[in-house]
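Q: I'm new to this one and would like a close look at a single part, the place where the ligand sits. Could you walk me through it?

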Amino acid sequence: MPSLYIDGEWVASADGTCDRVINPSDASVVAEVDVATDDQVRAAIAAARRAFDATDWPRTPTSERAALLDRVADLIDRDLESMARLETLNTGKAMRESRWDMGDVARVFRYYADLADKDAGRLVDTGNPDAISRIVYEPIGACALIGPWNYPLLQLSWKIAPALAAGNTAVMKPAHLTPLTAIHLTKLLAEAGVPRGVVNLVLGEGARVGQLLADSPDVDLISLTGGLEAGRRLLHGAAVNLKRVALEMGGKSPNIVFDDADFETVVDNALTAAFIHSGQVCSAGCRAIVQDALYDRFVAEIGRRADRIRLGAGLDDATEAGALISNEHRAKVEAHVAEAVAAGARVVAGGRRPDEPELQAGFYYRPTVIADVDPSMRIIREEVFGPVLTVERFTTEDEAVALANDTTYGLAGAVWTADAGRAQRVAGRLRHGTVWINDYNIYVPQAEWGGFKQSGIGRELGPTGLDEYREPKHIWQNTRPGPTGWFGG
Ligand code: NAD
């Protein structure tokens, strides 16, 4: 079956180009998908443009759009197991993570279905009895929605659900390494009754297909979740027509541990924060910042526990962490670790590929703990996006905050302490978009998600995640019109 969806039709690549989709667990080919030509990308944009400009879709009653999103959520629940399997085959992540992700995707659709008709705007009190002034919200237009490979469907759902709830049209482009669940979601959107042209799907490399979307004067908004390099290039393209831009970029998230925190709880949660999905998580707690008195014990224990993490294929129920997304990505992670070691850091656990014969074909890397690091090292400053946890040391509360904020990123962070006052103080001082206190990596569709500083522009989820896809319009009516007499003639 063809894998591009343009103007309500499934079509194959116009020049026959296909991409092989690889299972990172064993490097096998799991599917071949069509790659959109430049003309097909333009056709998808034109279809989204037409559906916005020349059909009633943007003005459908919100209750109808909400019902449609609810139907999509029901279909995701129906297909949850097979979609989770697709996500695992394509990303290497453990099935229990993929099931969780798919459940979250359904919840995101339900959340925006519920929110769609909750805020129709507001009346403005102007003090003028002869005027009605009101604010209404309108959709922005044709949106390009570009996703990353680490949470392929979840990240796309944070965009497409609010975009449709607000009445926009869209061209979706998943990361070229991980298109499978986006293809399936597009089938479900069609099955749920999304009108022709309202949602389109194109596949291919970001530097070409993504950039065509960014550069197009017919795209009104572009939302990208990905790395800094893609974000910067996209901003250049967006300048062409001042399109609305939403960027969810990377992170270098601090996980601050005070010595009064419960040791077992902290170590257990720090492991999950750093190594879930093999650290390929934008908000991964990849920088543990640990108070003096606890430092040596923490380093020893987390190293011991990291060494025991069971690597394996995502489909294997015993697997605790899967492979990295590609051989190239693993090479980047390895280079980061090698550079840190050369600069004097100490590898406490991992720092190598696994030995098991059954893991040799996949792109595996052992969960790695690195101590004795210096804040100036590249491994502390740049996103590694792999299973690598560094452990830094602090003495005072001020030092902990300074270390945690000493980054160009600002996506998320956490503080572990038994002192409630200190927890609130530190949370208030962290320059990060999400702060967890005595927890990690929890997010809910009701709460905004996004980054300070170079972790992004704008917010996804929550009511703000819907506002990203709406323009406020002021409508003023004079209910007693008459001459103003401003000019005498
Ligand atoms: P990436 O930047 O390589 O690619 C992301 C998407 O952008 C892909 O679909 C890609 O094809 C596309 N793209 C690449 N160049 C482009 C261009 N010039 N114009 C338009 N589109 C382009 O990122 P990735 O490797 O897929 O994902 C990992 C990155 O995503 C990490 O930095 C991670 O932190 C970040 N991320 C952030 C969040 C968040 O919520 N802030 C969530 C997940 C991932």
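Which of the 27 residues around the ligand come nearest?

A: Keep in mind that this is a predicted model. Of the 27 residues around the ligand, the ones that come nearest are Gly-147, Trp-149, Gln-211, Met-249 and Glu-383.

Two of those names are worth a second look. In Glu-383, a side-chain N or O atom is 2.5 Å from an oxygen atom of the ligand. Trp-149 does something along those lines: an N or O atom in the side chain of Trp-149 is 2.6 Å from a ligand oxygen. Then there's Trp-449, which has a polar side-chain atom 2.9 Å from an oxygen atom of the ligand.

How much of the ligand is covered by the protein? On its own the ligand has 840 Å² of accessible area, and the protein covers 89% of that. As for the spot itself, the ligand takes up the space of the largest pocket.

Now zoom out a little, to the pieces that build the shell around the ligand. The elements giving two or more residues to this shell are helix 7 (206-215), strand 10 (221-225) and helix 8 (228-238). Helix 7 supplies the largest share, with four residues. Sorted by character, the shell has 13 nonpolar residues, ten polar ones and four charged ones.

One last thing, looking at the whole structure: a search of it turns up 42 salt bridges. One of them pairs Arg-20 with Glu-32, with the closest N and O atoms 3.6 Å apart. Arg-20 sits in strand 3 (residues 18-23) and Glu-32 in strand 4 (residues 28-34), so this pair ties together parts that are twelve residues apart in sequence.

Notes
Residues are numbered from 1 along each chain as its sequence is written. This is a predicted model: local features need pLDDT of at least 70, side-chain atom pairs count only at pLDDT 80 or more; totals for chains, interfaces and linings use all residues. Side-chain values use heavy atoms; hydrogens and water are left out. A residue is near a molecule or strand if one of its heavy atoms lies within 4 Å of it. A polar contact is a pair of N or O atoms within 3.5 Å; within protein, one must be able to donate a hydrogen and the other to accept it, and residues adjacent in sequence count only if both atoms are side-chain atoms. Accessible areas come from the Shrake-Rupley method with a 1.4 Å probe; for residues, only the protein chains shown count as cover. On a 1 Å grid over the protein atoms alone, a cavity is a set of points where a 1.4 Å probe fits but cannot get out, and a pocket is an open set with protein on both sides within 12 Å along at least five of seven lines; lining residues have an atom within 4 Å of a point. A molecule sits in a cavity or pocket if more than half of its atoms lie within 2 Å of its grid points. Ala, Val, Leu, Ile, Met, Phe, Trp, Tyr, Cys and Pro count as nonpolar, Asp, Glu, Lys and Arg as charged, and the others, Gly among them, as polar. A salt bridge is a side-chain nitrogen of Lys or Arg within 4 Å of a carboxyl oxygen of Asp or Glu.
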